[in-house]
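Welcome! Here is a short guided tour for someone meeting this protein for the first time. Please take a look at the sequence and the model before reading on.

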Amino acid sequence: MILRALVVDDHPLFRRGVMAALTDNGIDVLGEASGGTSAVELAARLQPDVIVMDLNMPDLGGVEATRRIVAARPSARVLVLTMFDDDESVFAAMRAGARGYLVKSSRPQQIVDAVRAVGEGEAIFSPAVATRLLEFFATAPRPSTLPELTGREREVARLMAAGKGNAVIARELFLSTKTVRNHVSNILRKLQVADRAQAINLFRDSSG
């Protein structure tokens, strides 16, 4: 199945560069938008698999646009692509429902790979953001409002928070991919969420 994308950025040259990279790699770019308002409208009309979203735009910011898109269609998958990698921007985007977060200094192939991964249901973060997420989840106290996770489940959840897929988690923890899948299913079930991105949001919200 061909992945379909919508690209949202207020800088025409950068936007078209991203579109060209996606198209060259077999991703169908359904449309483009230069602001959040038009992004919300196009996302509703075109129903893309992935929306590549800038944050800082003049009419409606990417966080609010993401929130509206996900509220209207919970299955929508938003990949933030921005210049900003501060904690406030990262977690605001995640709380709004973004499934991934990359900085604009990422290589074109990294952007393409991230769009594909988000389209397949993964949570993807650039290395700098992933490192900070790992630090946050390693040091943040486990909220008492969250259900009890086993020690191994916490290890898996910590790597999930960094956007690592099941195969990478299996390799790092010396487990089979089947075992990792079982742990991920247990974590999502205990947290009563549908996917990795929602689990990360729940951890962040519950820890204040």
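Two residues are said to be in contact when heavy atoms of each lie within 4.5 Å. Keep that in mind as we go, and note too that this is a predicted model.

**The whole protein**

Let us begin with the overall picture. The protein has ten helices and six strands. Of its 208 residues, 50% count as buried. Among contacts between residues at least 6 apart in sequence, 63% join residues at least 24 apart.

**One residue in its surroundings**

Now for a single residue, Asn166, which has its place in helix H8 (residues 166–173). Is Asn166 buried or exposed? Buried means under 20% relative accessible area. Asn166 has a relative accessibility of 18%, so it counts as buried. Leaving aside neighbours within four places in sequence, Asn166 is in contact with Thr177, Val180, Arg181, Val184 and Arg196.

**Two crossing helices**

Two packed helices are described by the angle between their axes and the distance between the axes. Here, the axes of helix H7 (residues 151–161) and helix H9 (residues 177–191) come within 10 Å and cross at roughly 90°. H7 is therefore roughly perpendicular to H9. By class, the contact of H7 with H9 has six nonpolar, two polar and three charged residues. The table shows who meets whom.

| Helix | Residues in the contact |
|---|---|
| H7 | Arg152, Glu153, Val156, Ala157, Met160 |
| H9 | His183, Val184, Asn186, Ile187, Leu188, Lys190 |

**The nonpolar cores**

Which residues touch the most other members of the largest nonpolar core? They are Val8, Ile51, Met53, Val80, Tyr101 and Phe125, out of the 30 residues in this core. The elements that give two or more residues to the core include strand E1 (4–8), helix H2 (36–46), strand E3 (50–53) and helix H6 (127–139). The largest share, four residues, comes from H4. The core also draws at least three residues from each of domain 1 (4–139) and domain 2 (151–206).

Ile51 is a good residue to look at in detail. Not counting residues up to four places away in sequence, Ile51 touches Leu6, Val8, Ala43, Ile69, Arg73, Ala76, Arg77, Val78 and Leu79. Apart from the largest core lies another core, of 21 residues, among them Ala21, Leu79, Ala117 and Ile124. Leu79 thus appears twice in this tour: as a residue that Ile51 touches, and as a member of that other core.

Conventions. Residues are numbered from 1 along each chain as its sequence is written. This is a predicted model: local features need pLDDT of at least 70, side-chain atom pairs count only at pLDDT 80 or more; totals for chains, interfaces and linings use all residues. Side-chain values use heavy atoms; hydrogens and water are left out. A nonpolar core is a set of buried Ala, Val, Leu, Ile, Met, Phe, Trp, Tyr and Cys residues joined through side-chain atoms within 4.5 Å. Buried means under 20% relative accessible area, exposed over 50%, partly exposed in between (1.4 Å probe, protein chains only). Domain bounds come from an automatic or database domain assignment. Axes are lines fitted to C-alpha atoms, for helices over the stretch in contact, and angles run from 0 to 180 degrees between N-to-C directions. Angles under 35 degrees count as roughly parallel, over 145 as roughly antiparallel, 65 to 115 as roughly perpendicular and the rest as oblique. Ala, Val, Leu, Ile, Met, Phe, Trp, Tyr, Cys and Pro count as nonpolar, Asp, Glu, Lys and Arg as charged, and the others, Gly among them, as polar.
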